[in-house]
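Visitor: I have a model open and would like to learn how to read it. Could you walk me through it, feature by feature?

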Amino acid sequence: MPPSIPVSTTASAAAPAAAPGRPGRTPTPAGIALRRLVRHPSVVVGGTLFAIVILAAVLAPWISPYAPIRANQRAPLEPPGAAHLMGTDRFGRDVFSRVLWGGRLSLTVGVVSVGVATACGVTLGLVAGYAGHGTEAVIMRTIELLQAFPGILLALAVIATLGSSLPNLMIAVGISAIPEYVRITRGAVLDVKQREFVLAARVVGCRDRAILLRHILPNVTAPLVVIATLGIAGAIITGSALSFLGLGIRPPTPEWGNMLAEGREFLARAWWVAFFPGLAIMAAVLAVNLLGDGLRDVLDPRFRG
Amino acid sequence: MLRYIGERALHTVPVLVGISIITFLMLHLVPGDPVLLFAGDKPMTEEQAAAIRHQLGLDRPLLVQYEDYAGHLLRGDLGRALRSQRPVRDSILEVLPATVQLTLAALALATALGLALGIAAALAHRTWLDTAAMGVAILGVSMPVFYSSLLLLLFFSFTLGWLPATGEGGLDHLILPATALALVSSAVLARLVRSGMLGVLRQDYIVTARAKGLSRALVVRRHALRNALIPVITMLGLQLGALLGGAVVTETIFSRPGLGRLAVDAILNRDFPLVQGTVLVAAVVYVLVNLLVDIAYAAVDPRIHYG
């Protein structure tokens, strides 16, 4: 479940101290962080909003009033009303149902591609930061090269090369996000690597792998959780932008980006066809951004602003 | 300073070479036979395919092919588009000014908006104005370019009829796309300016300046703003990248000619030389702009010493 990704990292660590508020126990740092999290207004608002968006997408088959791709020639471009909450599109399809269904793909693309980017980026970042020397130089130069392609252009180049399909869309969005994770992870590793406990671990004979995974990785998770959460917002936008351009998920499969593209043609006559899918994207992105901002406030005091 | 500029410029050479390697490899990473990209989907015999492969030089070793490609690039030759058979360079040069115009207009607008919003919020820290400004900013950060474009179109073109919806031309054709493109960046900048200002305003030298009797406005202008703007300059380079990328979407929505739209159309038409050319030019422009930003950064911040 996407919303549990950021929360569970802290929650699992906090599990032994299950009740931070219980008297007679010293709260653990993780417990304190968790308590701050559930009290942070933007975490609460963002988390709730994101949960609603996710639930709506997951429950789409049961709660959507109409089939998302069934056309109804008698009711094209009907304005929002009692029968169709968000109106109908040019084929008479119910926009509300399509928004619910569209979320399934848009959100999946967002979450999976961040997963891809995090997995690749963190591994490369850990290796670069820990190994240093030639390995680091090769990885970082490659990353710099990827960053030379501005914004959505890298994803565009990947799609141009691999062709457009759902898996390729996720790969494209994922690849274009990798540099950020590599840089953050490497920076954090360089910072942690110098500390005494890493030296101590080496002195007692820990292998590199154990040092990396057991001692360094846990210490860089806080910034990563923040970046990954905010990254979902960016991935949702990039994914739906590619679909909007016709390079991602193709109609008639409902996806927020391609719905917006279809609605664009009727903007002057039927604003609702494009307005609501866009609103859905914005709600999802806003939710993730609020959640990420809150997480950053609580987990990563260095970034506090 | 000159030495720094020279060194920094030298650093971009390997990046430019890397970019050319990536755009070169794109062709060879396409699943299936690259010959099909040039010959289209029409059926052909193995002999015909081999003939085309030979004619295009695709049967030579990869290194030789790259040498050839790089040689042409150095002479400014980006190949010919498959559809129009025009030189890719001409197609790009034709639309590049429109993209530059759009991106720069958006950058100027984003900077102005972002600075105003961020400074206002920082000076009004912990008041309703701060909360409101940051509320607007997070909405702005969460707004995809294609949605802001559509909303602006809906409101200013279709509802009020103030501005033309699509096409190119005078200033009135630039306002909506530039605004749509600028919104996200201005929100990012506003948040950055605000936190930068808040950090600086807490410094002792600000208190000192105020204590010796300087007016608040003067302290903000002379002492706080200058230091708060340093991270903003770095951000401008990054934002320009985001704007160049965003132009892809904006140009498509507003049916403006431009590099982004050329790239998208090329991908949709599977016109590979044109795809390679547009991607290459966008990346090179971005790298060169960042070079300029870095130099500007060194010029502005006296604390940075190079070399």
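Visitor: Which residues touch the most other members of the largest nonpolar core?

Guide: Happy to help, and keep in mind that this is a predicted model. The largest nonpolar core has 169 residues, and A:L156 and B:A263 touch the most other members.

Visitor: What does A:L156 touch, leaving out residues up to four places away in sequence?

Guide: On that count, A:L156 touches B:V248, B:A263 and B:I267. Notice that B:A263, which shares the top place in the core, is one of these partners.

Visitor: That takes me to the contact between the chains. How many residues does each chain give to the contact?

Guide: Chain A contributes 36 residues and chain B contributes 41 residues. On the chain A side, the helices that each supply at least two residues are α6 (133–147), α7 (153–162), α10 (208–244), α11 (256–264) and α12 (272–299). With eight residues, α12(A) gives the most to that side.

Visitor: And how does the side of chain A that touches chain B divide by class?

Guide: Sorted by class, that side of chain A has 27 nonpolar residues, seven polar and two charged.

Visitor: Let me step back to the whole chains. How many helices and strands are there in chain A?

Guide: Chain A has twelve helices and zero strands. Chain B, for its part, comes to 13 helices and zero strands.

Visitor: What share of each chain counts as buried?

Guide: Here you count neighbours: a residue is buried if 20 or more other C-beta atoms lie within 10 Å of its own. In chain A, 50% of the 305 residues count as buried. In chain B, buried residues make up 36% of the 307 residues.

Visitor: Where does A:A261 sit, and why is A:A261 called buried?

Guide: A:A261 is found in helix α11 of chain A. A:A261 counts as buried because 23 other C-beta atoms lie within 10 Å. Not counting residues up to four places away in sequence, A:A261 touches A:F244 and A:G246.

Visitor: How about a residue in a loop? Where is A:H84?

Guide: A:H84 lies in the loop between α4 (60–63) and α5 (95–131) of chain A. A:H84 is buried too, because 22 other C-beta atoms lie within 10 Å. Leaving aside neighbours within four places in sequence, A:H84 is in contact with A:E78, A:D94, A:V95 and A:F96. You can also look at A:P65: 19 residues separate A:H84 and A:P65 along the chain, and their C-alpha atoms are 8.6 Å apart.

Visitor: What can I learn from the span of a helix, say α5 of chain B?

Guide: Set the end-to-end reach beside the span expected at 1.5 Å a residue. Helix α5 (residues 88–123) of chain B has 36 residues and reaches 50 Å from its first C-alpha to its last, close to the expected 52 Å.

Visitor: Where does α5(B) have a kink?

Guide: Look at B:V95, where α5(B) has a kink of about 35°. This kink lies shortly before the proline B:P97.

Visitor: Finally, what are the extents of chain B, and how many of its contacts join residues at least 24 apart?

Guide: Along its principal axes, the C-alpha trace of chain B spans about 85 × 55 × 30 Å. Among contacts in chain B between residues at least 6 apart in sequence, 72% join residues at least 24 apart. For chain A, the corresponding figure is 67%.

Methods
Residues numbered from 1 in each chain as written. Chains lettered and ligands numbered in written order. Predicted model: local features only at pLDDT ≥ 70, side-chain atom pairs only at ≥ 80, totals over all residues. Contact = placed C-beta atoms within 7 Å. Helix = DSSP H or I, 4+ residues; strand = E, 2+ residues; numbered from the N terminus. Nonpolar A, V, L, I, M, F, W, Y, C, P; charged D, E, K, R; others polar. Core = buried A, V, L, I, M, F, W, Y, C linked by C-beta atoms within 7 Å. Buried ≥ 20, exposed ≤ 12 C-beta atoms within 10 Å, placed from the backbone. Expected span 1.5 Å × (residues − 1). Bend = angle between axes of the 7 residues up to and from the residue.
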